[in-house]
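Here's a quick briefing to help you find your way around a protein chain. Keep the structure open and look up each spot as you read.

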Amino acid sequence: MNVPAFIARRVAFNRERSFSRFIIRLAIAATVISVAAMLLTLAFTNGFQYAISQKVFNLWGHLRVQHYSPNRGLISEEAPMEKNDTVLRILKHDPGIKTIQAFATKYAVIRSSESIDYVQLKGVERDYDFGNLRDFLKAGRWPRFPDSGYSSEIVLSEYTAGQLHIKVGDKVVIYFVRNDGPPRVRPMIVSGLFKTGIEDYDKLIAIGDLRLIQRLNNWNPDQIGGYEIFGYDYRQADAVNSRIFDQLPKDWGSHTTQDVFPNIFDWLNLQNTTIAIVLIIMIIVATLNLVTCLIILVLERTRMIGILKALGTPNLSIQTIFLYQGTIITLFGIVLGNVFGLLICFLQDHYGFITLPEDAYFISKAVVRLEWWHLLLVDGGTFVVCFLILMIPTIIVRRMQPARAIQFR
């Protein structure tokens, strides 16, 4: 029989009311809170980063392929490029690319009967996949594209519609400013309203027909601003960009969406610092709590330690008793912490009871996204750190003298 394990279980699972029982339960509760807090921090922070980044990706894709000009601003209007079969062949043969869609953008002033505002019109082709934007559409529908000519329909954000005091079905007038002449004016019909929740986009973006931009810029039908690329995995965008960049023809280049809109992604990456700080604090709390608990248990069981030493029990066996106790506390704390943390994640994912001000955080409710390695990191890290720290209180056991320990009260 494993005597140290037997004694540790008797002390840990003693049903009688005792100070040891209270301390053990308190230590387990503190470990549960620490583990649950770490899981929730990872789940909510990762969910926040994922939700915001997906909004950006759904609107702009994972990569852009367009005219290569190192001195040109990435968010400025694109230089026209002829559709290129070589470029399309390179993109279609890359295993990480899912869809390829042509686009172009143009800044304009938009006016209703009551107000005026400015927009960046994003022109897309008739085969554009609006499925990525379906969660953004709040009223109406996406533009319809005729077989010839260009569509006179436009989709505005709810913010812009509010500024102009218009609704779906209303008419607006758009003024496209040119450097080589007077502005060109086009009457348009608002076919739908969208909302991304990202203020910078909702204040600026409108969606219309690419052929309208081609006509306004005097481009031929084969000229576009570039290709918007969606990959199978947004985390592989940098790898895909590295593969295709060197293969593209001389005048073509590629950028990831993170490179085009660095401010948002730099802000999201700052959340990783928050994760690290919370994890470090929670691990310190869990380990200090466990050390304190075991020191108290060792002191309370001083007479038992003295009797065991007097009976010839080796120091290692007595130390093992308290190592077992620490392991029991740690394992129970980890398991119950997982249950508690995962339960909150499940409830938030299904009911969304934790809400956020969308104007400040770009999302209306906290998003949960927990990866399998998050559990492994929290559980494994907590157990390893706590087990190593468990060696500290057991040093007290080795220094105790049997005669004095038996007399301890």
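Of the 409 residues in this chain, 47% are buried, where buried means under 20% relative accessible area, exposed means over 50% and partly exposed is in between (1.4 Å probe, protein chains only). What you're looking at is a predicted model, in which local features need pLDDT of at least 70 and side-chain atom pairs count only at pLDDT 80 or more, while totals for chains, interfaces and linings use all residues. Residues are numbered from 1 along each chain as its sequence is written, and side-chain values use heavy atoms, with hydrogens and water left out.

**The whole chain**

- You'll find 16 helices and twelve strands here; these are DSSP runs numbered from the N terminus, with at least four residues for a helix (H or I) and at least two for a strand (E).
- Take the contacts (heavy atoms within 4.5 Å) between residues at least 6 apart in sequence: 79% of them join residues at least 24 apart.
- The chain's accessible surface is about 21000 Å², and carbon and sulfur atoms account for 58% of that; the areas come from the Shrake-Rupley method with a 1.4 Å probe, and for residues only the protein chains shown count as cover.

**Two helices to look at**

- Helix 12 runs over residues 315–351, which makes 37 residues, and it reaches 54 Å from first C-alpha to last, close to the 54 Å expected at 1.5 Å a residue.
- That expected span is 1.5 Å times one less than the number of residues in the helix.
- Right after helix 12 comes Gly352, with a positive phi of about 55 degrees.
- Helix 14 (residues 372–389) agrees with its expected span too: its 18 residues should cover 26 Å, and its end C-alpha atoms are 26 Å apart.
- Which residues of helix 14 are buried? They are His374, Val378, Asp379, Thr382 and Cys386.
- Those buried residues cover an arc of only 115 degrees around the axis, so they sit on the same side of helix 14; the arc is taken from the directions from the helix axis to the C-beta atoms.
- On the other side of helix 14, you'll find Trp372, Leu376 and Leu388 exposed.

**How the strands pair up**

- Two strands count as paired if DSSP finds at least two bridges between them.
- Strand 3 (residues 97–111) and strand 4 run antiparallel, joined by nine bridges, and they form a hairpin with four residues between them.
- One of the partnerships here links Ile110 with Asp117 in strand 4.
- Strand 4 (residues 116–124) is mostly covered, with seven of its nine residues buried.
- Strand 4 also runs parallel to strand 9 (residues 205–209), with five bridges joining them; there, Gly123 has Gly208 as its bridge partner.
- Strand 8 (residues 184–194) pairs with strand 5 (residues 137–140) in the antiparallel sense over three bridges, and Ala139 is partnered with Leu193.
- Five bridges join strand 8 to strand 6 (residues 153–157) in parallel, with Val155 opposite Gly192.
- Six bridges join strand 8 to strand 7 (residues 171–176), and these two run antiparallel; Ile174 stands opposite Arg186.

**What's packed inside**

- The largest nonpolar core has 37 residues, and Val65, Leu91, Ile154, Leu156 and Tyr227 have the most contacts inside it.
- A nonpolar core is a set of buried Ala, Val, Leu, Ile, Met, Phe, Trp, Tyr and Cys residues joined through side-chain atoms within 4.5 Å.
- Strand 3 gives the most to the largest core, with five residues.
- Leaving out residues up to four places away in sequence, Val65 touches several residues, including Leu91, Tyr227, Ile244 and Trp252.
- There's also a second, separate core of 28 residues, which includes Phe145, Ile205, Ile207 and Phe261.

**Spots in the loops**

- Lys83 is in the loop between strand 2 (81–82) and helix 3 (85–92), and it counts as partly exposed at 35% relative accessibility.
- Lys83 and Tyr227 are 144 residues apart in sequence, but 9.2 Å apart in space, C-alpha to C-alpha.
- Most residues other than glycine have a negative phi.
- His165 has a positive phi of about 60 degrees although it is not a glycine, and it lies in the loop between helix 4 (158–164) and strand 7.
- Phe362, also not a glycine, has a positive phi of about 70 degrees.
- Look for Phe362 in the loop between helix 13 (358–361) and helix 14; Phe362 is buried, with a relative accessible area of 14%.
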